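This briefing is meant for a reader who is meeting the structure for the first time. Please keep the sequence and the model in view while reading.

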Amino acid sequence: MKLENPLTGSMVSLDEWWMPFTANRQFKAAPRLLAKAEGMYYWTPDGRQVLDGTAGLWCVNAGHNRKPIVEAVQRQAATMDYAPPFNLGHPVAFEAATAVAAVAPEGMKRVFFTNSGSESADTSIKIALAYHRARGEASRRIIIGRERGYHGVNIGGTMAGGIPGNRKAFPALMAGVDHMRATHDLARNSFSRGQPAHGVEFADDLEKLILFHDASNVAAVIVEPMAGSAGVLIPPTGYLEKLRAICDKYGVLLIFDEVITGFGRLGAPFAAQRFNVKPDLLNCAKAINNAAVPMGAVIVRNEIFDAIVDGAPEGQIEFLHGYTYSGHPLACAAAIATQKLFAEEKLFDRARAMEPVFEAALHSLKGTRHVIDIRNLGLVGGIELEPRPGAPGRRGLEAHVKCFEAGALVRFTGDILALSPPLIVEKDQIERLLDTIRNALQAIE
Ligand code: PXG
């Protein structure tokens, strides 16, 4: 099978690109393709409009192809394409770091640039270990993650992550990880709106594991404040606060992986502000620059930066870590323009204001065929379907395909549908999205 590149007109083959997290054979037999995007919409190569219910992959929070971002990238590309970040700098990267720090929680004003959420995960783990070492506690090396956690696909994130399928093919590449239980509790919390009421006691797993390994060996705990990839698992009331208190008690660092929750998704700059729980390190990526150019960051408490940097001899590189593309000029130009756009259009507040509208529309699916749970927070919604006996995951996939054919992009993980529209979404678009899902669920077996 051949496809046309819409920009060049050349005919291209599907064989060579080994697609990520994709059933390659199935996909290439019946490809679902996108060719153009603007605002709330994609268009397929044959010109069909698709309403974007997922902000791309949880990342295009300001909507697609926003002019100020496009122009900033174009200007930067024409001015300076690339600059090395090791022992050289450029003003655009410093300005981007300042712009990101401006929305970060109080006292977290140091920003390490990466190029993805996966790199942010591994970078944050390294910073945690370097911090303890700098303070003379090099024995603190164990990382505690959580079942159903997703921290990308690099080695640290794979090992700290808690999705069994992502881990099983790899032997223990990184010794010294352990996992808390996931907080998902359908029996007690089904159809909850906002934070579920039950489950604060899941946080006790952290204390148990710290005592089991001995605090002197434990470096950090890494969690998504709201787990996205594993199917929209919203933290029970009091849970994150309790993790924070346990970390404080034992000198363990708290890492929030805010790759999905960062930059307005929950109606605040970060989940840290939404829940009023401040981590020690905060990982982000995706919407940091509206996904216009690959970019991520680890934002750290000033004291962590100070301990590592001031702890090294003058003139020596303090932290032996970094990427060729850390602070890439195009990514940084996009980040500056994106943060400005977020502020000008007050998109984080807008997300918060739309939350009740989104919540009501989402929960109107209660009672629809196959639906066993609905949950929401900010502009994130999860719809859990009853798995088809003997074929778990099929209903999720079929619902996704049906919606796509009917003109709406909806994400699925197993049998859980996930919605995360751009923060510019309008009420009628939310309704259209949910009507499309309702019809799809009626149509599939
Ligand atoms: N942490 C979290 C919390 C994420 O959601 C990553 C790290 C990794 O980021 P990169 O940029 O390396 O992909 C993510 C990525 C899904 C889905 O279907 C979610 C992600 C990626 C792919 C699919 O929910 N999130």
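The points below take up the domains, the ligand and one pair of helices in turn.

The structure is a predicted model. The domain assignment of the protein chain gives domain 1, which covers 32-62 + 346-443, and domain 2, which covers 70-344. Both domains give residues to the shell around the ligand, so the ligand lies between them.

**The two domains and their contact**

- The centres of domain 1 and domain 2, when taken over C-alpha atoms, are separated by 26 Å.
- The contact between them takes 31 residues from domain 1, while domain 2 supplies 29 residues.
- On the side of domain 1 that touches domain 2, at least two residues each come from α2, α14, β13 (371-377), β14 (380-385) and β17 (416-419).
- Of these elements, α14 provides the largest share of that side of domain 1, with 7 residues.
- When the residues of the side of domain 1 that touches domain 2 are sorted by character, they divide into 14 nonpolar, 10 polar and 7 charged.

**The surroundings of the ligand**

- The ligand is surrounded by 18 residues, and the closest of them are Ser116, Gly117, Ser118, Gly152 and Val259.
- The elements that give two or more residues to this shell are α2 (55-58), α5 (117-134) and β16 (411-413).
- Among the contributors to the shell around the ligand, α5 gives the most, with 3 residues.
- By character, the residues of the shell around the ligand divide into 7 nonpolar, 8 polar and 3 charged.

**The pair of helices α14 and α16**

- Helix α14 spans residues 347-363 and helix α16 spans residues 427-443, and their axes come within 10 Å of each other and cross at roughly 20°.
- Because angles under 35 degrees count as roughly parallel, this crossing makes α14 roughly parallel to α16.
- The crossing of α14 and α16 is right-handed.
- Where the two helices meet, α14 contributes Val357, Phe358, Ala361 and Leu362, and α16 contributes Lys427, Ile430, Glu431 and Leu434.
- The residues of this contact of α14 with α16 divide into 6 nonpolar, no polar and 2 charged.

**Elements that appear under two topics**

- Helix α14, which meets α16 through residues including Val357 and Phe358, also supplies 7 residues to the side of domain 1 that touches domain 2.
- Helix α2 gives two or more residues to the shell around the ligand, and it also supplies at least two residues of the side of domain 1 that touches domain 2.

Methods:
Residues numbered from 1 in each chain as written. Predicted model: local features only at pLDDT ≥ 70, side-chain atom pairs only at ≥ 80, totals over all residues. Axes fitted to C-alpha atoms, helices over the stretch in contact; angles between N-to-C directions. Helix = DSSP H or I, 4+ residues; strand = E, 2+ residues; numbered from the N terminus. Parallel < 35°, antiparallel > 145°, perpendicular 65-115°, else oblique. Left-handed = near helix turned anticlockwise from the far one by under 90°. Contact = placed C-beta atoms within 7 Å. Nonpolar A, V, L, I, M, F, W, Y, C, P; charged D, E, K, R; others polar. Near = placed C-beta within 6 Å. Domains from an automatic or database assignment.
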